[in-house]
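Work through the exercises below with the sequence and the coordinates open. Each task is followed by a solution in steps.

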Amino acid sequence: MRFTSLGSGSSGNALVVECGGTRVMMDCGFSLHETKARLERAGLSPSDIDGVVVTHEHDDHLGGVARFARRYAIPVYLTRGTGQWLPVDFPAVLVRYIDSHTPFAIDAVAVEPFPVPHDAREPVQYAFSDGDARLGVVTDLGTITQHVVEKLSGCRALVIECNHDLDMLMTGPYPVPLKQRVAGRFGHLCNADAAHLVAAVERSGLRHLIAAHLSQQNNTPILAMQALSRAVGCEPEWIGVASQDDGFAWRDA
């Protein structure tokens, strides 16, 4: 199994998981043209994607899904709560409703959704597996739950939200209500909370740890890397970062 990010942040998110000849995209928050360009940068074309799994309805995750899936006739997997935000004319034949507690498979990719606290209708995050290695991805959650810890334990690779540095957020230019939303129980993880999450999971086989969904206004890569490195006892340089513009290159899990 290998995986790559096409970009991660408040302006758009997409991640691709590949097992054998199967490739699954998690979220698509970019325009059709931008998604195609970012796939090409990763050595892929839209026809290589066998399915799109969606976390929730916010535009930086769902915004490009309908246009991309409709243009290339790709099935979309999402909860019924998230599905309410698809365009009314989206082809029903491409919709695959999922249960937030029930694993499923897209050809060679085993997909395990799990619910998370976030200010969306029925949000989930995902773990992926090829039957051997597991990749856990959480890009949007406001609170660490024991269920999330259990689902991320035993993964060989983790992509973890490090949205903001709390001090930068609270002293920054955001209006107070937005600060409260971002830092709230249904908002986003700060660096310290992300570190607590990583420290709590079973990680004896962990090979990759990547900080994702960094706020460009309220965080820096080095702050996120330092927080996660302290949690696992490694050098900050070992921590990867999924950037908004470039994501990160292919990694083998």
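The model is a predicted one.

**Exercise 1. Helices on a sheet**

Task: Determine which strands helix α9 lies across, and at what angle it runs to β12.

Solution.
- Step 1. Locate helix α9 at residues 221-232; this helix lies across β12 and β13.
- Step 2. Compare directions: α9 runs at about 140 degrees to β12.
- Step 3. Place these strands in their sheet, which is open, has 7 strands in the order β7-β8-β9-β10-β11-β12-β13, and shows mixed pairing.
- Step 4. Look at the ends of that order. β7 (104-106) and β13 (240-241) each have a single partner strand, so one side of each is left without a neighbour in the sheet.
- Step 5. Add helix α8 (residues 191-200), which packs on the sheet and touches β10 (134-138), β11 (157-161) and β12 (208-212). The direction of α8 makes about 155 degrees with that of β11.
- Step 6. Check the pairing at β7: 3 bridges join this strand to β8 (residues 109-115), and the two run antiparallel. Alanine 105 has alanine 110 in β8 as its bridge partner.

**Exercise 2. The other sheet**

Task: Find the edge strands of the sheet with the order β6-β5-β4-β3-β2-β1-β14, then say which strands α1 touches.

Solution.
- Step 1. This sheet is open, with 7 strands and mixed pairing.
- Step 2. Its edge strands are β6 (95-97) and β14 (248-252), each of which pairs on one side only.
- Step 3. On average, and with direction ignored, neighbouring strands here are turned by 20 degrees against each other.
- Step 4. Inside the order, β2 (residues 14-19) pairs with β3 in the antiparallel sense over 5 bridges. The bridge partner of leucine 15 is methionine 26 in β3.
- Step 5. Helix α1 packs on the sheet, where it touches β1 (2-7), β2 and β3. The angle between the directions of α1 and β1 is about 140 degrees.

**Exercise 3. One helix and its cover**

Task: List the buried residues of helix α3 and the elements that cover them.

Solution.
- Step 1. Within α3 (residues 65-72), the buried residues are Val65, Ala66, Phe68 and Ala69.
- Step 2. A geometric rule applies: an α-helix has 3.6 residues a turn, so residues three or four places apart point the same way.
- Step 3. The cover over the buried residues of α3 includes β3 (22-26), α1 (32-41), β4 (51-53), α2 (59-62) and β5 (76-78).
- Step 4. After α3 comes alanine 73, with a positive phi near 55 degrees.

**Exercise 4. Nonpolar cores**

Task: Which residues have the most contacts inside the largest nonpolar core, and which element gives the largest share of it?

Solution.
- Step 1. The largest core has 28 residues, and Leu152, Ile160 and Leu197 have the most contacts inside it.
- Step 2. Two or more residues each come from α5 (146-152), β11, α8, β12 and α9.
- Step 3. The largest share, 5 residues, is that of α9.
- Step 4. Leaving out residues up to four places away in sequence, leucine 197 touches Val138, Ile144, Val148, Val149, Leu152, Ile160 and Leu189.
- Step 5. A second, separate core has 27 residues, among them Ile106, Val137, Ile210 and Ala212.

**Exercise 5. Cysteines**

Task: How many disulfides does the structure hold, and is cysteine 28 buried or exposed?

Solution.
- Step 1. The number of disulfides is 0.
- Step 2. For cysteine 28, the nearest cysteine sulfur belongs to cysteine 19 and is 19 Å away.
- Step 3. Cysteine 28 has 0% relative accessibility and therefore counts as buried.
- Step 4. For cysteine 190, the nearest cysteine sulfur is that of cysteine 162, 8.9 Å away. Cysteine 190 counts as buried at 8% relative accessibility.

Notes. Residues numbered from 1 in each chain as written. Predicted model: local features only at pLDDT ≥ 70, side-chain atom pairs only at ≥ 80, totals over all residues. Heavy atoms only, no water. Buried < 20%, exposed > 50% of the residue type's maximum accessible area, 1.4 Å probe, protein only. Helix = DSSP H or I, 4+ residues; strand = E, 2+ residues; numbered from the N terminus. Contact = heavy atoms within 4.5 Å. Pairing = 2+ DSSP bridges. Axes fitted to C-alpha atoms, helices over the stretch in contact; angles between N-to-C directions. Disulfide = S-S within 2.5 Å. Core = buried A, V, L, I, M, F, W, Y, C linked by side-chain atoms within 4.5 Å.
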